[in-house]
Amino acid sequence: MATARRFVDQTLTSWGVIEVAFDAQLVVSELVTNAMRHGGGVVQLRLLAHRAELACVVTDHSQTVPVAAAPDVFSEYGRGLRLVDALCTAWGWLSPGGTRKLVWAVLAG
């Protein structure tokens with residue numbers, strides 16, 4: 001996760017889009033964690049910027065659909081996609097074929 005957060009920080013700094021860096025690091029950390037835990041590992045992490053929006057895209061080895069867990073104050077896990085939902089203007093997934101899935105999230109800048 002530290003490598004993914006550094007990638008976000010370095011990329012957004014080079015783009016001059018540091019105002020969303022903290023939120024982007026949280027979102028990417030959650031998406032990468034889910035890919036590692038439920039998707040068989042991360043294939044690719046991409047950041048895309050268009051005007052005032054930033055898209056974070058994580059590709060993994062699974063076609064399993066990401067599902068936000070029901071809230072449980074006693075659970076150690078299960079809050080990641082709820083955090084992504086709270087920080088982002090939109091998020092979702094695509095199955096482009098084969099055995100991979102892309103999970104994306106868009107942050108407003």
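## Strands β1 and β2

In this predicted model, Arg46 stands opposite Val57 in β2. The pair belongs to an antiparallel arrangement in which β1 and β2 are joined over 8 bridges. The two strands form a hairpin with 2 residues between them. Arg51 is found in the loop between β1 and β2. Its phi is near 55°, a positive value in a residue other than glycine. Arg51 is exposed, with a relative accessible area of 80%.

Leu48 also lies in strand β1. At 47% relative accessibility, Leu48 counts as partly exposed, because that class lies between the buried limit of 20% and the exposed limit of 50%. Neighbours within four places in sequence aside, Leu48 is in contact with Trp15, Glu53, Leu54, Ala55 and Val57. The C-alpha atoms of Leu48 and Val106 are separated by 9.2 Å, while the two residues are 58 residues apart along the chain.

## Strand β2 and its second partner

Is β2 enclosed or open? Of its 8 residues, 7 are buried, so β2 is largely enclosed by the rest of the structure. Besides β1, strand β2 pairs with β4, in the antiparallel sense and over 8 bridges. Within the pairing of β2 and β4, Val58 stands opposite Val103 in β4.

## Strands β3 and β4

Strand β3 covers residues 90–94 and is joined to β4 by 5 bridges, the two strands running antiparallel. Leu94 stands opposite Leu102 in β4. β3 and β4 form a hairpin, with 6 residues between the strands. Gly97, in the turn of this hairpin, has a positive phi of about 115°.

A search of the whole structure finds 1 aromatic pair. The pair is made by Trp91 and Trp93, whose ring centres are 6.1 Å apart. Their planes are at 45°, so the pair is tilted. Trp93 counts as partly exposed, at 37% relative accessibility.

## The largest nonpolar core

The largest nonpolar core has 22 residues. Those that touch the most other members are Leu12, Val27, Val28, Leu31, Leu54, Cys56 and Leu107. At least two residues of this core come from each of α1 (2–15), α2 (21–38), β1 (42–50), β2 (53–60), α3 (80–87) and β4 (101–108). Which element gives the most to this core? That element is α2, with 7 residues. In soluble globular proteins, nonpolar side chains tend to be buried together.

Leu31 can be followed through its contacts. Leaving aside neighbours within four places in sequence, Leu31 is in contact with Cys56, Val58, Leu81, Val84, Val103 and Ala105. Val58 and Val103, both on that list, are also the two residues that stand opposite each other in β2 and β4.

## Ser29 in helix α2

Ser29 is found in helix α2. Is Ser29 buried or exposed? Ser29 has a relative accessible area of 12%, so the residue is buried, the limit being under 20%.

Beyond its neighbours within four places in sequence, Ser29 is in contact with Met1 and Arg5. With Arg5 there is a polar contact, side chain to side chain, at 3.4 Å.

## Cysteines

How many disulfides does the structure hold? The number is 0. Cys56 is in no disulfide, and the nearest cysteine sulfur, that of Cys88, is 6.6 Å away. Why is there no bond between Cys88 and Cys56? The distance of 6.6 Å between their sulfur atoms is too far for a bond, because a disulfide needs the sulfur atoms within 2.5 Å.

Both cysteines are buried, Cys56 with a relative accessible area of 0% and Cys88 at 11% relative accessibility. Cys56 is also one of the residues that touch the most other members of the largest nonpolar core, and it is in contact with Leu31 of helix α2.

Definitions and conventions:
Residues are numbered from 1 along each chain as its sequence is written. This is a predicted model: local features need pLDDT of at least 70, side-chain atom pairs count only at pLDDT 80 or more; totals for chains, interfaces and linings use all residues. Side-chain values use heavy atoms; hydrogens and water are left out. A nonpolar core is a set of buried Ala, Val, Leu, Ile, Met, Phe, Trp, Tyr and Cys residues joined through side-chain atoms within 4.5 Å. Buried means under 20% relative accessible area, exposed over 50%, partly exposed in between (1.4 Å probe, protein chains only). Helices (H or I, at least four residues) and strands (E, at least two) are DSSP runs, numbered from the N terminus. Contact means heavy atoms within 4.5 Å. A polar contact is a pair of N or O atoms within 3.5 Å; within protein, one must be able to donate a hydrogen and the other to accept it, and residues adjacent in sequence count only if both atoms are side-chain atoms. Two strands pair if DSSP finds at least two bridges between them. Rings of Phe, Tyr and Trp (its six-membered ring) pair if their centres lie within 6.5 Å; planes under 30 degrees apart count as stacked, over 60 as edge-to-face and the rest as tilted.
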